[in-house]
Amino acid sequence: MSTLLQVESLGVRYGSIPAVRDITFYVDAGEAVCFVGPNGAGKSTTVLTVAGLLAPHTGHIRFDGRAIDGTSAEDIAQLGVSLVPEGRRIFSRLTVGENLKLAKSLRPGSAAATRLLDRVLELFPILRERYDGYAGLLSGGEQQQLAIARALLTQPRLLIVDEPSLGLAPKYVDLVFAAFAHLRAENMTLLIVEQSIRRALAFADRVYLLRSGAIVRHGRAADLRGDADFESAYFGGAATP
Amino acid sequence: MNLRRPRLFPATGLIAVLAVLAVGSRLWGNTLVEGALTEALLYLVLVVGLSIFVGNSGVVSFGHIGFAAIGAYASAWQTCCTGFRGVFMPGLPTFLLELDMPVVTAALLAGLLAALVAAVVGIAIMRLGGIAISIALLSLLFIVKSVYENWDSVTAGQSSLVGLPLYVDLWVALAWAAGAIVVAQIYQRSAFGLKLRAVRDDEAAARACGVTPWIQRLIAFVLSAFVAGVGGALYGHYLGTLAVSIFWLDMTFVTIAMLVLGGMRSLTGAVVGTLAVTATREILRSLERGVDLGTLHWQAPQGSQEIVLALILLGILVFRPEGLVGDRELGVRKAV
Amino acid sequence: MSPIQLAVDALSLGGQFALIALGIGLIFGVMRMINFAHGDLITFGAYALVVPSAADMAVPFVGAWSAWFLIPSTLGIVMLATLAGERVAFRPLRRRHADGTSLLISSFAVGYLIQSVILFVHTGRPKSVSIFPGLTRHLEIASVRVSLIDVVTILVTIALLLVVLTFLRFTRAGLHLRAASEDFSMAKLLGVRADRVIFVAFGISGLLAGVVSLLYVAKTGVLDSRMGVPLAIAGFVGTVIGGMGNLAGAVAGGLFLGIASTLLQALLPEALRPARDAFVYGLVIVILLVRPGGLFVPRNAAVRI
């Protein structure tokens, strides 16, 4: 398996305050990787930096062998990294259809894109129902589906989703993770930021645990399931490297 | 903020520099330089007034020159053209017509009127967000101009008001500039100044600490309007004549250029910017009058100074956005 | 004045203000910056009609050409100036992620620079120039006299608004622009090209400014270095009334302002008329305070998170 995303010694600061210090991780093509960790661990900062909205202070980011630190967000998106940020950020003054059309318009190749639109609407049928309504009128769970559908329509090679379950009713969380499982079956590479360890371990191939701006544990999900040490590391106990 | 900084700086240092410049220009005996320095010091009062609000709040104001106009006319109402006041400004109430106020008191009262107006409109405007405040303050400048130009009976409307006592010379200007710097520094060091800068840097965090942003903005706004009002009053007594059109976009532009050029966030920046812009303007003005290079007489075209000034301001914004001195202060080591 | 005449006056002024407000609103949407230079770009377009000179008598330059050349040349000149301003004064600041204050001051400086250059070249004395002399005629419709230029202004406004709104609604670039106006960084995350979107916004804004130059000069025939300032202020008021960042609102706000000022001018007692402007500027502050989202809140504003 080839490495799609490689991040080395990443450090990010807000002003003079470090939010992330010396983070190193990778995501292989076709893999599903989860970041877990408490609030303020630096998970969102890391993915925002990978997507190009924040500038790294130190370190290197390579996507598909190409250095992308210092590249603009739009260029990174064009290279095939799609981030669904926390809070979903759908365009509420555009219709659901326009949100999707916008994403579709950013990739050439109309026939394939139209087929993809059909498939995405199969994955999230509610969006077909609400197609001509304003996106701002959707419920939180529906907006999350729209945000993911929109990201998929840019035909990413790496889909990053930041806190997809935040503030969602359980039935929507299940629906969203079912969609991720479906994407994974189709070999989509996924990097998901998730607060729930249980869910992360159940879903991912590999898990990174972040705390206070650093990676404190990582490993294969299969190995970490039932590892009491891992859970205690999450809650601030002594971490064994 | 490092509270162990020397308490007297930068104010004492800045005042000392200005005093040395003033004495130097008098000893040199060049009236042109002395005149330019006097004008710079008067502008400095306006710029320091502006910086009390802009520097600490981070919100740019395009309306402070309106307060200068209010101050200038308020001082004229109290001191102008004894004996003829009723002829020029028949609309003044009788107590003002007969008043013969000492000029210093008149200037302070003029500042107070500006502060009062700022308090009234500020209660409303300061609740808005950053860009909205800037637009509202620009609207305020237009309102002041429109009202004063049409209020013929107390402002002589679109014509000029002549006969203001000409008492502002180099030393008077220096004294008031020093006063403005001291006021600005006291405010900057006070708990109010600290709270407002906290709002500027992170409004949400400041709120969480119990700071009410609009009240802190209002305090700075009223104080800065007072200083700008005094500055306007002094400017009137430096010119001897008043017209509403003096306090308009040109003056707004020049004062903002001075503040940005030096560094919006520092008092030293206000002084450096004011001196630098005045010097540039004087040089360009004398070029517009013409220079003799040997047998050659060269004259810069009229209007060069405004263009050059606008280009300098744009250049600073593009290449050195923090201004010439940034947020450093004279004689103060930068806090880490 | 007959009601019909009044209505034509009101709509003509309102249409002009709507075009200005839309021009300012487009840039506000993508930059979160009020473009103070917008009015001065209108001035710039008007002065392009005459030969640059310090002489009192204005010699028509672009203004002497036939309408087929005159209109595209003026629009092109203003668009180029607008885009040049973006390139020189705003893009470097944007690249540096400068704060809103710096952008605001920068646009103020650009406006002042344009004014100064015009003063430098043309002196401060107002000049007169006549374009489309045929339009100053009056029309007699059912025994009501209305000025042809006012009717033309209304028609041009309607046509132009339809074109711009169609562009925004139905083209790819328009979709990108609307998305970027709502959430610029999200648009970038999807791969929308920031520079291209801003280029389009400034281009349309410049086009609108150029149209206003022509309409204004055709009506008044007067050039003055500060003529654009009150127009820009009217545009700010319009954008504020309509809710900053809401394009349809900006158009409605400009229209509302033009109608309101025409009616006030006609209906206020003589003694209060000079205070009309103060009233209009006061209106901005009042609206910002009571309805910061504008008078015409968009349908879905309530659910905006």
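Q: Which residue stands opposite A:Phe63 in β5(A)?
A: That's A:Arg66. Bear in mind that this is a predicted model, where local features need pLDDT of at least 70, side-chain atom pairs count only at pLDDT 80 or more, and totals for chains, interfaces and linings use all residues. Residues are numbered from 1 along each chain as its sequence is written, while chains are lettered from A and ligands numbered from 1 in the order in which they are written.

Q: How do you know that β4(A) and β5(A) pair?
A: Count the bridges: strands pair if DSSP finds at least two bridges between them, and β4(A) has two bridges with β5(A), in the antiparallel sense. The strands themselves are DSSP runs of E of at least two residues, helices are runs of H or I of at least four, and both are numbered from the N terminus. β5(A) covers residues 66-67, so it meets the strand cut-off of at least two. The two strands form a hairpin with two residues between them, and A:Asp64 in the turn has a positive phi of about 55°.

Q: What are the bridge partners of A:Arg62 in β4(A), on the β1(A) and β5(A) sides?
A: A:Gln6 stands opposite A:Arg62, and in β5(A) the partner of A:Arg62 is A:Ala67. β1(A), residues 3-14, pairs with β4(A), residues 58-63, in the antiparallel sense over five bridges.

Q: What makes β2 and β5 of chain A the edges of the sheet?
A: The open sheet has four strands in the order β2-β1-β4-β5, with antiparallel pairing. β2 (17-28) and β5 each have a single partner strand, so one side of each is left without a neighbour in the sheet. Across β1, β2 and β4 lies helix α1 (residues 43-50), running at about 115° to β1(A).

Q: Why are α2(B) and α12(B) called roughly antiparallel?
A: They pack at an angle of about 170°, with their axes 8 Å apart. Axes are lines fitted to C-alpha atoms, for helices over the stretch in contact, and angles run from 0 to 180 degrees between N-to-C directions. Under 35 degrees counts as roughly parallel, over 145 as roughly antiparallel, 65 to 115 as roughly perpendicular and the rest as oblique. So α2(B) and α12(B) come out as roughly antiparallel. Their contact has 16 nonpolar, six polar and one charged residues (Ala, Val, Leu, Ile, Met, Phe, Trp, Tyr, Cys and Pro are nonpolar, Asp, Glu, Lys and Arg charged, and the others, Gly among them, polar).

Q: What makes α3(C) and α8(C) oblique rather than roughly antiparallel?
A: Their axes are 8 Å apart too, but the angle is about 135°. That value fits none of the named ranges, so the pair counts as oblique. α3(C) passes α8(C) in a right-handed crossing, meaning that the near helix is turned clockwise from the far one by less than a right angle (anticlockwise would be left-handed). The meeting residues include C:Leu75 and C:Val78 in α3(C) and C:Phe202 and C:Leu207 in α8(C).

Q: How do you know that chain B agrees with the compact globule rule?
A: The rule is 2.2 Å times the number of residues to the power 0.38, and the radius of gyration is taken over C-alpha atoms. For 336 residues that comes out near 20 Å, and chain B has 20 Å, so the two agree. The C-alpha trace of chain B spans about 60 × 55 × 35 Å along its principal axes, and the chain holds 15 helices and four strands.

Q: Which two chains share the most contacts?
A: Chains B and C, out of two pairs in contact. Residues are in contact if their C-beta atoms, placed from the backbone, lie within 7 Å. By that test, 32 residues of chain B meet 34 of chain C. α7(B) gives the most to chain B's side, with 12 residues, and that side divides into 24 nonpolar, seven polar and one charged.

Q: Where does chain A come in?
A: Chain A doesn't touch chain B, and their nearest C-alpha atoms are 10 Å apart. Chain A does meet chain C, with 24 residues from A and 20 from C. On the chain C side, the largest share, six residues, comes from α6(C).
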